[in-house]
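Subject: A structure for you to look at

Hi,

Here is the structure I promised to pass on. Have a look at it first, and then read what I found below.

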Amino acid sequence: ERGLGEQYPIALLAAFTTPFAVAKVATLTMAEVQFDQLELMDDAQVQESVSMARAQQMALLAAEASLADLNTLICTTLGLPTVRPERNPLRPEVYLRALKDVVERAAIPAGIRLDWITTMGVGLGAELKELYTRLAGRMRAQGVVAAGYAVVPTPGGGTVSGQRSGAAPAGGFTSYGAPGSAERE
């Protein structure tokens, strides 16, 4: 426990300071795996991907509402006119990547490591929820105004595009950038 606790801040700092493309974990989560890639993976890789997907899902579920709020504020501070969740350097995936790196370095059997990652994903989600709520509150207190979500037409829908979050999506429009949706801009 002490070793993991000492290594995690270092791994987290590395995850924050390393460009996403370089820091990308070689092992894909199940959400990122394409069907044809499964046949190229051995059992251990599939199990690792499933465990990471579970941990990510648990962390996202716990922190979803506070993350959505923080995303709007972070995007404003990054100078983005609309919300782009993947640009948030504090997104749960970064924390999970650092956690995975630290747990993988521990001299323990793979099965236990995978159980730890899944279990730690639950605790991480609760901690991230608190962190995101505190950060959003601080940012609002400093006068940061939230960016809006882009609304783009769906196929066969209306012809208006580029609406901001002030307009509720209605017949034929989908709001992209909300938690759980794919960002398309």
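Before we count anything: helices and strands here are DSSP runs, with at least four residues for a helix and at least two for a strand, numbered from the N terminus. Counted that way, the protein has six helices and two strands. If you walk along the sequence, the pattern reads α-α-α-α-α-α-β-β. Please keep in mind that this is a predicted model.

Now for the overall picture. The protein has 185 residues, and 36% of them count as buried. Looking at contacts between residues at least 6 apart in sequence, 63% join residues at least 24 apart.

Next, try finding helix 1 (residues 2-17) and helix 5 (residues 92-105). How do two packed helices get described? By the angle between their axes and the distance between the axes. In this pair, the axes come within 8 Å and cross at roughly 135°. That angle makes helix 1 oblique to helix 5, and the crossing is right-handed.

Which residues meet there? From helix 1 you have L4, Q7, Y8, A11, L12, A15 and F16, and from helix 5 you have V94, Y95, R97, A98, L99, V102, V103 and R105. Sorted by type, the residues of this contact are twelve nonpolar, one polar and two charged.

V102 is a nice one to zoom in on. This residue sits in helix 5. Is V102 buried or exposed? Its relative accessible area is 1%, so V102 is buried. Leaving out residues up to four places away in sequence, V102 touches L4, Q7, Y8 and A11. Take A11 from that list: V102 and A11 are 91 residues apart in sequence, yet their C-alpha atoms are 6.8 Å apart in space.

Then there are the nonpolar cores. The largest one has 28 residues, and the members touching the most other members are Y8, Y95, L96 and Y132. Helix 1, helix 4 (43-77), helix 5 and helix 6 (110-141) each supply at least two residues of this core. Which helix gives the largest share? That would be helix 4, with eight residues.

L96 is worth clicking on too: its contacts, again skipping residues up to four places away in sequence, are M52, A55, Q56, A59 and L124. There is also a second, separate core of six residues, including A68, L80, V83 and Y149.

Have fun exploring!

Key. Residues numbered from 1 in each chain as written. Predicted model: local features only at pLDDT ≥ 70, side-chain atom pairs only at ≥ 80, totals over all residues. Heavy atoms only, no water. Axes fitted to C-alpha atoms, helices over the stretch in contact; angles between N-to-C directions. Parallel < 35°, antiparallel > 145°, perpendicular 65-115°, else oblique. Left-handed = near helix turned anticlockwise from the far one by under 90°. Contact = heavy atoms within 4.5 Å. Nonpolar A, V, L, I, M, F, W, Y, C, P; charged D, E, K, R; others polar. Buried < 20%, exposed > 50% of the residue type's maximum accessible area, 1.4 Å probe, protein only. Core = buried A, V, L, I, M, F, W, Y, C linked by side-chain atoms within 4.5 Å.
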